[in-house]
Each structure stands twice: as structure tokens, then as C-alpha cells.
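Thanks, everyone, for making the time this morning. I would like to take you slowly through one structure, and please stop me if a term is unfamiliar.

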Amino acid sequence: MEPVRTCVACRTRASRTALLRVVVIDSELVADERAIMPGRGAWVHPTPECIGIAVKRRAFVRALRVSGPLDTQTFEKWLSAMETK
């Protein structure tokens, strides 16, 4: 059995390999592609729809238990670069 996680945006359960782990480093949202970075992580589908929903609803802030604003611009640029590949 493969581990199952819940997407913070659409709240559907999926296998760990189908989701992307995201962590916070110095109040900046960072994609953890290998899912090995230390600290609290949030799981999300690597699609623009789910990422947009999570940013709009502040789901990353709640799931990662961050106080204050969260910089998501670098993460969104990374996602758009991954979509063009």
C-alpha cells in the first residue's frame, strides 16, 4: 500500500506520488519535489487550479501553521516553469 495524503486545496485524497509537498523556508513557499525537506509540509495537486485555490483560500498558511504573510511568487514561477517542460 502506498501512503495517502489529502490535497489542501480540493480536499481529495490521493497517493503521495500524485501530490506535491510544499514547505516554508524563511516565509517563502518552496516545492519539496523529493518530499524530504525538514519541517511541516502541505500536500497539493501540482495543477494551476489546485494551487490557485490553495493560495486564494490561504490553505497553505493554515496547513503550514505560518503566522503572517507567505511569499508564493517564487513557488508560482516554479510551477509555471514546470508546466512548460
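I will begin with a pair of charged side chains, then turn to the strands that carry them, and finish with the loops and the surface.

Please keep in mind throughout that what you see is a predicted model.

Let me start with the charged pair. Side chains of opposite charge can pair when their charged atoms come close. In this model there is one salt bridge, and it is formed by the side chains of D32 and R21, with a distance of 2.5 Å from N to O. The two partners are eleven residues apart and link distant parts of the chain, since D32 sits in strand 4, residues 28-32, while R21 belongs to strand 3, residues 20-25. Are these two residues buried or exposed? Both D32 and R21 turn out to be buried, which for our purposes means that each has under 20% relative accessible area.

That leads us to the strands themselves. Of the five residues in strand 4, four are buried, and therefore this strand is largely enclosed by the rest of the structure. Strand 3 and strand 4 run antiparallel and are joined by five bridges; to take one example that you can look for on the screen, V23 has V30 in strand 4 as its bridge partner.

Between these strands the chain has to turn, and the hairpin of strand 3 and strand 4 has two residues between the strands. Here D26 takes a positive phi near 55°, and S27, which is not a glycine, has a positive phi of about 55°. S27 lies in the loop between strand 3 and strand 4, and because its relative accessible area is 39%, we call S27 partly exposed.

Now to the surface, where I would ask you to find a positive patch made up of R11, K56, R57, R58 and R62. Where does R11 lie? R11 is found in the loop between strand 1, residues 4-6, and strand 2, residues 13-15, and, although it is not a glycine, R11 has a positive phi of about 65°. With a relative accessible area of 57%, R11 is exposed, because the cut-off for that word is over 50%. R58, another member of the patch, is placed in the loop between helix 1, residues 48-56, and helix 2, residues 59-64. Its relative accessibility is 48%, so R58 counts as partly exposed.

That is where I will stop, and I am happy to go back to any part of the picture.

Methods. Residues numbered from 1 in each chain as written. Predicted model: local features only at pLDDT ≥ 70, side-chain atom pairs only at ≥ 80, totals over all residues. Heavy atoms only, no water. Salt bridge = Lys/Arg side-chain N within 4 Å of Asp/Glu carboxyl O. Buried < 20%, exposed > 50% of the residue type's maximum accessible area, 1.4 Å probe, protein only. Pairing = 2+ DSSP bridges. Patch = residues over 30% accessible without salt bridge, like charges linked within 9 Å, V, L, I, M, F, W, Y side chains within 5 Å. Areas by Shrake-Rupley, 256 points an atom, 1.4 Å probe, with all protein chains shown as cover. Lys, Arg positive; Asp, Glu negative; His and termini not counted. Charge placed at Lys NZ, Arg CZ, Asp CG, Glu CD.
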